[in-house]
Amino acid sequence: MLTYGSTDVQELQFTEMKHVVDIRDGQWVDVYVQVETAEPKLIPASIAELGALLIATRDGLLVDIAAQDEGRDCEYQFTESEKAQLRLYFERHVQPALLTK
């Protein structure tokens, strides 16, 4: 994770993920993912509950990934490695369900 505009990076390895899907409308789907990490001490102290908001289309195209704190946007962003972990989770656990609806 890194703060917008900062070069100080903490690379998180997600060990557990759970998601909730919210179908926003005929086009967009919001997927909130709760994450647990191998090294909780690497999560910035100002984050109470780390999560991710994955925005996708109804046909399963992942459009955006944003860091969340207690379900709200925060000043942090995920690294490319962290986004790759979330993308893989989406492809394995969320996308198949979207494609069958």
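Okay, let's start with valine 63: at 47% relative accessibility, it counts as partly exposed. By that I mean between the two cut-offs, where buried is under 20% relative accessible area and exposed is over 50%, using a 1.4 Å probe and protein chains only.

Before I go on, this is a predicted model, so to speak of local features I need pLDDT of at least 70, side-chain atom pairs count only at pLDDT 80 or more, and totals for chains, interfaces and linings use all residues. Residues are numbered from 1 along each chain as its sequence is written, and side-chain values use heavy atoms, with hydrogens and water left out.

Back to valine 63, which sits in strand E5. Strands here are DSSP runs of E with at least two residues, helices are runs of H or I with at least four, and both are numbered from the N terminus. Leaving aside residues up to four places away in sequence, valine 63 touches Trp28, Ile55, Ala56 and Thr57; a contact is heavy atoms within 4.5 Å. Its C-alpha is 9.9 Å from that of valine 29, and the two are 34 residues apart along the chain.

Now, what is valine 29's bridge partner in E4? That's alanine 56. E3 and E4 pair in the antiparallel sense, over 7 bridges; two strands pair if DSSP finds at least two bridges between them.

Zooming out, we have an open sheet of 5 strands, in the order E2-E3-E4-E5-E6, with antiparallel pairing. Strand E2 (14-23) and strand E6 (72-73) are at the edges with a single partner strand each, so one side of each has no neighbour in the sheet. Helix H1, residues 80-99, packs on the sheet and touches E2, E3, E4 (50-57) and E5 (62-69), and its direction makes about 45 degrees with that of E2. For that angle, axes are lines fitted to C-alpha atoms, for helices over the stretch in contact, and angles run from 0 to 180 degrees between N-to-C directions.

E2 and E3 form a hairpin with 4 residues between them, and they pair antiparallel over 9 bridges, E3 being residues 28-37. If you want to find the register on screen, lysine 18 has glutamine 34 in E3 as its bridge partner, and valine 20 stands opposite tyrosine 32 in E3. E3 is mostly covered, with 7 of its 10 residues buried.

One last oddity, in the loop between E5 and E6: glutamate 70. Most residues other than glycine have a negative phi. Glutamate 70 isn't a glycine, yet its phi is positive, about 55 degrees. With a relative accessible area of 41%, glutamate 70 is partly exposed.
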